[in-house]
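Grab a pencil and work through these exercises with the model open beside you. Try each task before you read its solution.

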Amino acid sequence: MKIPFAAVLALSLLVPAVAFAKSTDRNEAMNIDSGAQSGTLTGDGKTVLSGGVIITQGTLDLRSSEAEIYLKGGEAVRAVFTGKQAKMKQQLDDGTWMDATADRIDYDITTEIITLTGNYKVTSARGTNAGQRMVYNTRSGEMNSGGDGSRVRTVIPPKNKTPAAAPAAAPAGGKK
């Protein structure tokens with residue numbers, strides 16, 4: 001039962017790995033650890049992982065209180081990770097890291113769209129984006145945040161990360 005479930009979950013996580021991550025991660029073994037697992041692994045239905053879910057694959061580290069994997073015809077079509085908060089960390093191909101947190105990470109495998117909701121924050125070397133809802137299309141790279149009456153906060157760091165020089169100190173002893 002462990003091997004078929006791992007295959008189902010691997011399908012559900014394939015695109016987030018492509019969208020955010022180190023491209024070699026998908027060639028690594030996926031390790032899934034949870035307190036409990038229930039549901040179906042074939043046909044149509046849902047499998048629930050609970051009791052603290054930890055998924056690692058290469059540099060990917062995904063942690064949530066619960067995960068639901070939806071199946072249609074025995075194939076994973078959607079994966080939902082929930083908790084206060086669900087967390088994802090992964091190294092990018094350029095060697096930098098991406099961290100994402102949200103109350104809910106919902107990945108529609110069919111459309112290849114990831115939706116982060118509930119106090120989400122995505123942080124990388126390119127900056128941060130935070131708010132209540134972000135929709136990311138992994139096919140097109142298009143990202144939409146806000147639009148639900150809430151505010152979105154984006155911070156883009158300067159390209160030159162050298163700190164500004166401190167002003168010259170006044171000569172010791174004051175005025176002459």
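**Exercise 1. Find out how many helices and strands the protein chain has, and in what order they come.**

Step 1: Count the elements. The protein chain has 1 helix and 12 strands. Here helices (H or I, at least four residues) and strands (E, at least two) are DSSP runs, numbered from the N terminus.

Step 2: Read along the sequence. The pattern is α-β-β-β-β-β-β-β-β-β-β-β-β.

Step 3: Know what you're looking at. This is a predicted model, where local features need pLDDT of at least 70 and side-chain atom pairs count only at pLDDT 80 or more, while totals for chains, interfaces and linings use all residues. Residues are numbered from 1 along each chain as its sequence is written, and side-chain values use heavy atoms, with hydrogens and water left out.

**Exercise 2. Work out how strand 3 pairs with strand 2 and with strand 6.**

Step 1: Start with strand 2 (residues 36-39). It runs antiparallel to strand 3, and 4 bridges join them. Two strands pair if DSSP finds at least two bridges between them.

Step 2: Pick out a facing pair. Gln-37 sits opposite Leu-49 in strand 3.

Step 3: Look at the turn. The hairpin of strand 2 and strand 3 has 5 residues between the strands, and Gly-43 there takes a positive phi near 65°.

Step 4: Move on to strand 6. Strand 3 and strand 6 also run antiparallel, with 5 bridges. Thr-47 has Ile-69 in strand 6 as its bridge partner.

**Exercise 3. Track down salt bridges, and say whether their residues are buried or exposed.**

Step 1: Set the rules. A salt bridge is a side-chain nitrogen of Lys or Arg within 4 Å of a carboxyl oxygen of Asp or Glu. Buried means under 20% relative accessible area, exposed over 50%, and partly exposed in between (1.4 Å probe, protein chains only). The structure holds 5 salt bridges.

Step 2: Take Glu-68 and Lys-46, whose closest N and O atoms are 3.7 Å apart. Glu-68 belongs to strand 6 (residues 66-72) and Lys-46 to strand 3 (residues 45-50), so the pair links distant parts of the chain, 22 residues apart. Glu-68 is buried at 17%, while Lys-46 is partly exposed at 34%.

Step 3: Try Asp-106 and Arg-78, which meet at 2.7 Å, N to O. Asp-106 is in strand 8 (residues 97-108) and Arg-78 in strand 7 (residues 75-91), so this bridge ties together parts 28 residues apart in sequence. Asp-106 is buried at 13%, and Arg-78 is partly exposed at 26%.

Step 4: Spot the network. Salt bridges link Arg-78, Arg-104 and Asp-106.

**Exercise 4. Which residues touch the most other members of the largest nonpolar core?**

Step 1: Define it. A nonpolar core is a set of buried Ala, Val, Leu, Ile, Met, Phe, Trp, Tyr and Cys residues joined through side-chain atoms within 4.5 Å.

Step 2: Name them. Among the 27 residues of this core, Phe-81, Ile-105, Leu-116 and Val-122 touch the most other members.

Step 3: See where the core comes from. Strands that each supply at least two residues include strand 4 (53-57), strand 9 (113-124) and strand 10 (127-137).

Step 4: Zoom in on Val-122. Leaving out residues up to four places away in sequence, its contacts (heavy atoms within 4.5 Å) include Met-98, Leu-116 and Met-134.
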